[in-house]
Amino acid sequence: MPVPPVTGTALGSDVSFVYDKEKDGGTLILSWDGGEDHIHDKDVIGVIHDPRRARKNEVQPQLILRVVSSQSAPEITKMRFAFEPLPVTNLPQNYLEAHMITRSPEYLYLDPNQDGSHNLHIVVSTRSGVGEAQQYYDDVLSEALSAIDLNRETYQVHVTESEKSISELAEKVFLPRANDGIAQTVLLLSGDGGIIDTVNALLLSSREEKYLKPSIGLISMGTGNALANSTGLNRGATRGLSSIFRGVPQNLPTFKTHFSPGSVFLTDEGRRTEPLRSESGHGIVHGVVVCSWALHASLVADSDTTAYRRYGAQRFQMAAKALMAPDDGSNPHVFNGRITLYKSDERGEEYAEEIPETKTSYIVATLVSNFEEKLLISPDSKPLDGQLRVLRFGDLSGADVMRLIGMALRGGGHERDEMAYYTPINGLKIQFDEPDARWRRVCVDGKIVRVEEGGWLEVRRGHEDVVDLIA
């Protein structure tokens with residue numbers, strides 16, 4: 001049954017409003033003599049009462065906080081964003097129920113420390129994605145915070161200077177305050193890398209008994225944005241800002257990957273190496289999204305260059321095509337190694353299941369559903385459910401691998417295909433049998449680890465979660 005229009009005003013002019021929850025994921029339709037405009041839910045941060053106009057005796061003065069975006073140039077994927085609040089009156093009740101910011105999010109309104117330093121942090125990751133973070137902070141986030149009475153004097157801004165900036169910030173600022181039991185909120189304008197840097201810095205450091213988890217608000221500025229896409233944060237131009245204004249802090253599950261001695265991080269487009277943090281003689285890397293080998297790890301590593309990054313998420317598909325159809329006409333590489341899965345039986349007791357086939361085209365162990373907005377890798381995964389799942393393809397041709405990935409891009413079904421293996425797990429172990437170092441690269445949430453010849457890795461669900469995600 002059609003919803004009747006509601007009469008109100010927008011920008012001081014008479015309009016009629018109709019809120020259609022089904023149209024394009026939710027659309028507010030504004031109509032006036034000779035014109036019509038649409039405001040999509042995916043571009044709306046929320047609705048607030050406008051006290052400045054209330055003092056002028058306007059009836060039900062409200063402000064739609066919205067973000068609009070446009071492409072910087074047709075040949076690249078970089079976007080520009082603008083905060084455009086729309087003053088209105090008398091919005092439809094069903095629209096208010098869906099978008100009204102009815103409470104002040106306590107995690108944004110934090111008391112300063114005795115020395116005057118702030119506990120609301122904004123981290124601008126200048127290296128994430130195609131470089132949109134600084135412009136988004138300047139033109140959207142700072143303006144949106146001001147609209148809810150959080151001016152520049154109420155928070156601290158940190159602009160990254162290197163790929164280690166976020167790790168150092170977490171170790172030197174977030175960790176000591178968390179250990180003192182001080183409430184902190186960190187708004188990250190970054191990709192998944194900003195989360196993993198924060199999580200690793202906190203998990204690999206000593207935490208006190210009164211440790212208080214920081215709340216993380218993620219504004220997705222990366223390329224794949226797997227965590228944001230899997231938790232519903234990455235919707236339209238708000239890029240997660242709507243969840244920061246209207247969400248709730250929830251525990252962020254993690255996993256822990258052990259690496260054999262000699263494993264190293266690859267940095268600077270694979271030209272340099274750095275040691276892993278060590279625990280009991282093994283390298284340790286924590287993650288929140290995925291640990292992968294074979295095609296997935298190779299395409300992430302190969303595409304992590306300045307030349308590729310300018311294409312945004314398209315870089316992954318470009319690298320995948322190069323791996324699946326080499327220029328010399330040869331068949332794609334099939335990876336060699338023994339894989340053991342750790343699973344639970346009906347009584348909850350763990351057992352090991354070794355995969356008899358040693359050749360693998362694709363394998364991921366993941367806590368999330370989507371690696372990209374439309375790439376549904378793990379259909380059974382629910383937001384923040386903490387369950388590891390494995391997806392593996394065996395010795396397949398490049399055409400068959402791309403067929404299965406194509407199914408994932410179209411909403412799933414690949415997980416039920418006879419050529420795929422998909423199941424929940426407690427963990428897995430890979431023992432590598434690859435003489436060429438190129439095929440021993442592993443991806444942990446976008447970070448690339450090279451395992452030494454004859455080495456191994458083991459991934460397990462983490463049991464020490466150190467941050468909450470506002471979702």
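Two strands are counted as paired where DSSP finds at least two bridges between them; helices (H or I, at least four residues) and strands (E, at least two) are DSSP runs numbered from the N terminus. The model is predicted, with local features requiring pLDDT of at least 70 and side-chain atom pairs pLDDT 80 or more, whereas totals for chains, interfaces and linings use all residues. Residues are numbered from 1 along each chain as its sequence is written, and side-chain values use heavy atoms, with hydrogens and water left out.

**View A. An open antiparallel sheet of eight strands.** The strand order is S16-S15-S30-S29-S19-S23-S26-S27. Strands S16 (272-275) and S27 (420-425) stand at the edges with a single partner each, so one side of each lacks a neighbour in the sheet. Neighbouring strands are turned by 25° against each other on average, direction ignored.

**View B. The antiparallel pair S19 and S23.** Strand S19 (residues 290-294) joins strand S23 (residues 362-366) over five bridges, and Val-290 is set opposite Thr-366. Helix H8 (residues 295-303) lies across S19, S23, S29 and S30 (contact: heavy atoms within 4.5 Å). H8 runs at about 95° to S19 (axes are lines fitted to C-alpha atoms, for helices over the stretch in contact; angles run from 0 to 180 degrees between N-to-C directions).

**View C. The buried strand S11.** Six of the six residues of S11 (residues 185-190) are buried (under 20% relative accessible area, 1.4 Å probe, protein chains only), so the strand is largely enclosed by the rest of the structure. S11 pairs in the parallel sense with S9 (residues 120-124) over five bridges and with S12 (residues 215-220) over six. His-121 stands opposite Val-186, while Leu-189 has Ile-219 as its bridge partner.

Note on methods
Buried < 20%, exposed > 50% of the residue type's maximum accessible area, 1.4 Å probe, protein only.
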